Amino acid sequence: MQHIIDRFISYAVIDTESDANSPTTPSTEKQWVLANLLVQELKNIGLTEVTLDENGYVMGTLPSNVAHEVPTIGFVSHYDTSPDFTGKDVKPQIVHNYDGGDIMLNAEHNIVLSPSYFQDLLLYKGQTLITTNGLTLLGADDKAGLTEIVTAMEYLVQHPEIKHGKIRVGFTPDEEIGRGADIFDVEKFGAQWAYTMDGSQIGELEYENFNAAGAKIIFKGKSVHPGYAKGKMINSMLIANEFINELPKNEIPQETIDYEGFFHVTGLTGSIEETKLELIIRDHDANLFQKRKEKVLDIVAKINAKFAAQFGEDICIAEVKDQYYNMREKVEPMMFIVDVAEQAMRDLGIEPIIKPIRGGTDGSRLSYMGLPCPNIFAGGHNFHGKYEYVPVESMQKAVDVIVRIAELTATTDFSKK
Ligand SMILES: [Zn+2]
């Protein structure tokens with residue numbers, strides 16, 4: 001356990017915050033520090049083919065130790081942390097034998113991590129928690145994943161009696177700004193499938209995520225002196241408001257759960273002459289996703305028709321762009337890759353929690369790039385903020401799951417699947 005704690009903290013104290021406004025990869029120079037450390041560690045524990053490319057992607061290989069043919073599998077996590085909250089000067093705190101009560105993260109600023117607000121904490125009574133000091137995020141997302149993958153590879157190197165095929169590990173920059181998979185070299189990685197270790201609570205196993213699109217809509221107006229505006233002025237802000245009113249009232253993030261999709265207005269800025277509205281569209285179901293995009297275009301057409309005579313041209317211009325798709329379509333034809341992970345958890349006494357992700361992962365992008373990639377728990381909670389914490393026991397279990405998946409992959413006859 002101490003070994004996992006030490007390794008996790010050695011990663012957590014390195015600031016690797018990514019930056020969506022930067023055009024480079026990695027988006028921030030400081031991410032190289034951890035990338036280089038990871039390369040050194042993979043070499044130290046005895047992996048082969050350890051590489052760091054010019055974009056900061058780290059890869060390594062644990063060679064097969066069996067004579068028969070076994071599919072090459074991979075484990076992936078990201079080493080950047082979210083720009084939503086500062087990752088500078090992370091000072092992890094350790095709570096031994098958690099008693100189920102409030103945890104004072106920072107006495108000076110009275111910042112408390114309390115189970116009365118974060119009920120999940122009660123799952124971990126008696127366990128060892130790593131928390132923040134209340135002033136930064138922790139970065140368990142996804143330094144827990146890094147810790148688990150490195151530790152599992154080290155364990156397999158030290159325990160050659162455990163049989164496994166070739167295993168590839170991959171660590172990416174810039175996941176938190178949606179670019180982690182962008183230039184991931186799937187061919188070089190060379191795995192038949194992989195798992196991102198980037199979920200939250202122990203037991204989570206995910207292979208469904210949203211289909212996602214973003215829309216930008218420009219509303220044009222006509223400014224006229226308000227005292228003499230009758231029949232002449234068109235206030236673009238009011239047209240945008242009309243558009244929003246046409247969207248289904250209950251299909252918004254704060255009213256939906258599980259497989260329910262939504263429209264989500266993410267930005268609105270305007271003047272009389274021009275208003276810009278941004279929204280995102282999410283749905284697990286490909287047909288409903290398509291219908292949602294059509295709904296947006298239908299409303300736009302309706303508004304354009306209404307103002308056609310008065311404005312003389314389209315008053316409303318929409319641009320709808322797909323962002324990512326549900327990985328289920330790519331994973332379902334090889335469901336055994338989910339079954340193996342589920343079996344590994346059950347063998348270790350972990351109850352699998354299989355539920356659709358209400359978002360996307362690097363794995364969804366990778367799945368469409370030819371690397372089917374379900375997501376497994378990394379153990380942390382309350383990502384992207386000062387209340388982030390991770391139970392050490394969950395990280396240990398994730399290590400065990402990786403080891404068990406490696407073992408099952410070498411002993412399962414996939415030709416019958
Ligand atoms: Zn993550």
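Biologist: What makes you say that helix H3 lies across strands?

Modeller: Contacts, for a start: two residues are in contact if their C-beta atoms, placed from the backbone, lie within 7 Å. Helix H3 (residues 140-158) lies across S2, S3, S8 and S9 and runs at about 145 degrees to S3. For such angles, axes are lines fitted to C-alpha atoms (for helices, over the stretch in contact), and the values run from 0 to 180 degrees between N-to-C directions. Mind that this is a predicted model: local features need pLDDT of at least 70 and side-chain atom pairs count only at pLDDT 80 or more, while totals for chains, interfaces and linings use all residues. Residues are numbered from 1 along each chain as its sequence is written.

Biologist: Fine, and what makes something a helix or a strand here?

Modeller: Both are DSSP runs, numbered from the N terminus: H or I over at least four residues for a helix, E over at least two for a strand.

Biologist: How do you know that S3 and S9 pair?

Modeller: Two strands pair if DSSP finds at least two bridges between them. Strand S3 (residues 73-78) and strand S9 (residues 193-199) have four and run parallel, so they qualify. Val 76 has Thr 196 as its bridge partner in S9, and Gly 74 stands opposite Ala 194. S9 also runs parallel to strand S16 (residues 375-377), with three bridges; there Met 197 is partnered by Ile 376.

Biologist: Why are S1 and S15 called edge strands?

Modeller: The open sheet has eight strands in the order S1-S2-S8-S3-S9-S16-S10-S15, with mixed pairing. S1 and strand S15 (353-354) each have a single partner strand, so one side of each lacks a neighbour in the sheet. Helix H2 (residues 31-44) packs on this sheet too, touching S1, S2 and strand S8 (167-172), and its direction makes about 175 degrees with that of S1.

Biologist: What makes S1 and S2 antiparallel partners?

Modeller: Strand S1 (residues 48-52) and strand S2 (residues 58-62) share three bridges in the antiparallel sense, and Thr 48 stands opposite Thr 61. They form a hairpin with five residues between them, where Gly 56 in the turn has a positive phi of about 90 degrees.

Biologist: Why is S9 called largely enclosed?

Modeller: Buried means 20 or more other C-beta atoms within 10 Å of a residue's own, exposed means 12 or fewer, and partly exposed is in between, with C-beta atoms placed from the backbone. Seven of the seven residues of S9 are buried, so the rest of the structure largely encloses that strand.

Biologist: And why is Ile 5 called partly exposed?

Modeller: Ile 5 has 16 other C-beta atoms within 10 Å, so it falls between the two limits. Ile 5 belongs to helix H1 (residues 2-12) and touches Ile 94, Ile 130 and Val 392, not counting residues up to four places away in sequence.

Biologist: What makes a group of residues a nonpolar core?

Modeller: They must be buried Ala, Val, Leu, Ile, Met, Phe, Trp, Tyr or Cys residues joined through C-beta atoms within 7 Å. The largest one has 79 residues, and Ile 149, Ala 194, Ala 341, Ala 398 and Ile 402 touch the most other members. Helix H10 (residues 392-411) gives the most to this core, with 10 residues. Apart from it lies another core, of 23 residues, including Ala 213, Phe 262, Ile 303 and Cys 316.

Biologist: How do you know that the span of H6 agrees with its number of residues?

Modeller: The expected span is 1.5 Å times one less than the number of residues. For the 26 residues of H6 (286-311) that gives 38 Å, and the end C-alpha atoms are 36 Å apart, which agrees.

Biologist: What makes you say that H6 bends?

Modeller: A bend at a residue is the angle between axes fitted to the seven residues ending there and the seven starting there. At Ala 305 this comes to about 35 degrees. Just after H6, Gly 312 takes a positive phi of about 85 degrees.

Biologist: Which residues of H6 are buried, and what covers them?

Modeller: The buried ones are Phe 289, Arg 292, Val 296, Val 300, Ile 303 and Phe 307. Their cover includes strand S11 (211-220), helix H5 (236-246) and strand S12 (262-270). An α-helix has 3.6 residues a turn, so residues three or four places apart point the same way.
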